[in-house]
Amino acid sequence: METLSENRAFGGTQGVYRHASKATGTDMTFGLFLPQEAADLPVPVLWFLSGLTCTHENAMVKAGAQLWAAEQGIALVFPDTSPRGDGVPDDEAYDLGQGAGFYINATQDPWAEHFQMWDYITEDLPAAVFGHFALDEGRQAITGHSMGGHGALTIAMTLPDRFASVSAFAPICNPTDSDWGRKQFAAYLAGDEADWAAHDATHLMRQAGFPGPVLIDTGTADQFGDLLKTEALAQAIAARRQHATLRLQPGYDHSYFFISTFMEDHINFHAEALYGVAE
């Protein structure tokens, strides 16, 4: 584990670290905010998965999460969105390749060697952070934005025993029926399209749902609204009678101004669930 930077923030520490990832076969960089309580005991963890074109830095700098996490005594993990570096394949389009890992394990060349982002987020990075920092593995929650909202929802519903709660900001809700999904799944994944449903929040909601609380915020002025397919997930939530709060926020778009506006709500939402988990 290599420390790239550490800065005092809201009584805690905002760090940036790099480690060698077995999953991606590359060095990976992530941000980690530790509240001051981590000096004395392991603290609950909230994972924030970012969207297309982002690195670990976007949400870490723009989301305004550290203030609210410090008030609740919660750590924040900000992973990167894909492997990077020499020898890692890429594409000229912004929505494929580096910065666009979609939180899945690629099975087709040239992506399969390095684009193992599901394993990175669910196995590799957790092993690294829980092995090096004062984090409580038994109290985890997950959130994300756009492509990261897709990742948060699909990971939480696939690993429901791991997460006390899940939330999302403007998530890609139905990627198997959207250009933000079909294009990437066709590039990354070999085999039958029927297998794509395992990475589609709408399909997973219909099949299994999530046992804990769910919070989703999407802006009514989101410039990518047609790609998000929010209505499909809303219908699946209603059909399953899933305990969930889905809010359409008037006038808000897809930007970090939207995320930062409602970040306090999401941190408090997760804090209630995390501190309700028996220690």
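The exercises below, each with a worked solution, concern helix packing, burial and backbone geometry in a predicted model.

Residues are numbered from 1 along each chain as its sequence is written, and side-chain values use heavy atoms, with hydrogens and water left out. Because the model is predicted, local features need pLDDT of at least 70 and side-chain atom pairs count only at pLDDT 80 or more, while totals for chains, interfaces and linings use all residues.

**Exercise 1. Describe how helix α2 packs against helix α9.**

Step 1. Two packed helices are described by the angle between their axes and the distance between the axes. Axes are lines fitted to C-alpha atoms, for helices over the stretch in contact, and angles run from 0 to 180 degrees between N-to-C directions. Helices (H or I, at least four residues) and strands (E, at least two) are DSSP runs, numbered from the N terminus.

Step 2. For α2 (residues 65-72) and α9 (residues 256-274), the axes come within 9 Å and cross at roughly 30°. α2 is therefore roughly parallel to α9. On this scale, angles under 35 degrees are roughly parallel, over 145 roughly antiparallel, 65 to 115 roughly perpendicular, and the rest oblique.

Step 3. The crossing of α2 with α9 is right-handed. A crossing is right-handed if the near helix is turned clockwise from the far one by less than a right angle, and left-handed if anticlockwise.

Step 4. On the α2 side the contact (heavy atoms within 4.5 Å) is made by Ala65, Trp68, Ala69 and Gln72, and on the α9 side by Met263, Glu264, Ile267, Asn268 and Ala271. By class, these residues are six nonpolar, two polar and one charged. Here Ala, Val, Leu, Ile, Met, Phe, Trp, Tyr, Cys and Pro count as nonpolar, Asp, Glu, Lys and Arg as charged, and the others, Gly among them, as polar.

**Exercise 2. List the buried residues of α2 and what covers them.**

Step 1. Buried means under 20% relative accessible area, exposed over 50%, and partly exposed in between (1.4 Å probe, protein chains only).

Step 2. In α2 the buried residues are Ala65, Gln66, Trp68, Ala69 and Ala70. Their cover includes β2 (12-20), β3 (27-34), α1 (57-62), β5 (75-78) and α9.

Step 3. After α2 comes glycine 73, with a positive phi near 70°.

**Exercise 3. Place methionine 263 in the largest nonpolar core.**

Step 1. A nonpolar core is a set of buried Ala, Val, Leu, Ile, Met, Phe, Trp, Tyr and Cys residues joined through side-chain atoms within 4.5 Å. In soluble globular proteins, nonpolar side chains tend to be buried together.

Step 2. The largest nonpolar core holds 89 residues, and Met263 is one of those with the most contacts inside it, along with Phe30, Leu32, Trp47, Leu135, Ile142 and Tyr188. α9 gives the most to this core, with nine residues.

Step 3. Outside its neighbours within four places in sequence, methionine 263 contacts Phe48, Ala63, Gly64, Ala65, Trp68 and Phe169.

**Exercise 4. Is isoleucine 121 buried or exposed, and which residues does isoleucine 121 contact?**

Step 1. Isoleucine 121 lies in helix α3 (residues 117-132). Its relative accessible area is 4%, so isoleucine 121 is buried.

Step 2. Leaving aside neighbours within four places in sequence, isoleucine 121 is in contact with Leu49, Pro79, Tyr103, Pro126 and Ile155.

Step 3. The axes of α3 and α4 (residues 147-158) come within 12 Å and cross at roughly 60°, which means that α3 is oblique to α4. Isoleucine 121 takes part in this contact, together with Trp118 and Thr122 of α3 and Thr154, Ile155 and Thr158 of α4. The contact has three nonpolar, three polar and no charged residues.

**Exercise 5. Compare the surroundings of aspartate 124 and alanine 20.**

Step 1. Aspartate 124 lies in helix α3 and counts as buried at 14% relative accessibility. Beyond four places in sequence, aspartate 124 contacts Ser21, Lys22, Ala23 and Asp119.

Step 2. Alanine 20 lies in strand β2 and counts as exposed at 61% relative accessibility. Not counting residues up to four places away in sequence, alanine 20 touches Thr26 and Asp27.

**Exercise 6. Locate the backbone features in the loop between β5 and α3.**

Step 1. Proline 110 is in this loop. A cis peptide bond, with omega about 5°, joins aspartate 109 to proline 110.

Step 2. Tyrosine 103 is also in the loop between β5 and α3. Its phi is positive, about 55°, although tyrosine 103 is not a glycine. At 0% relative accessibility, tyrosine 103 counts as buried.
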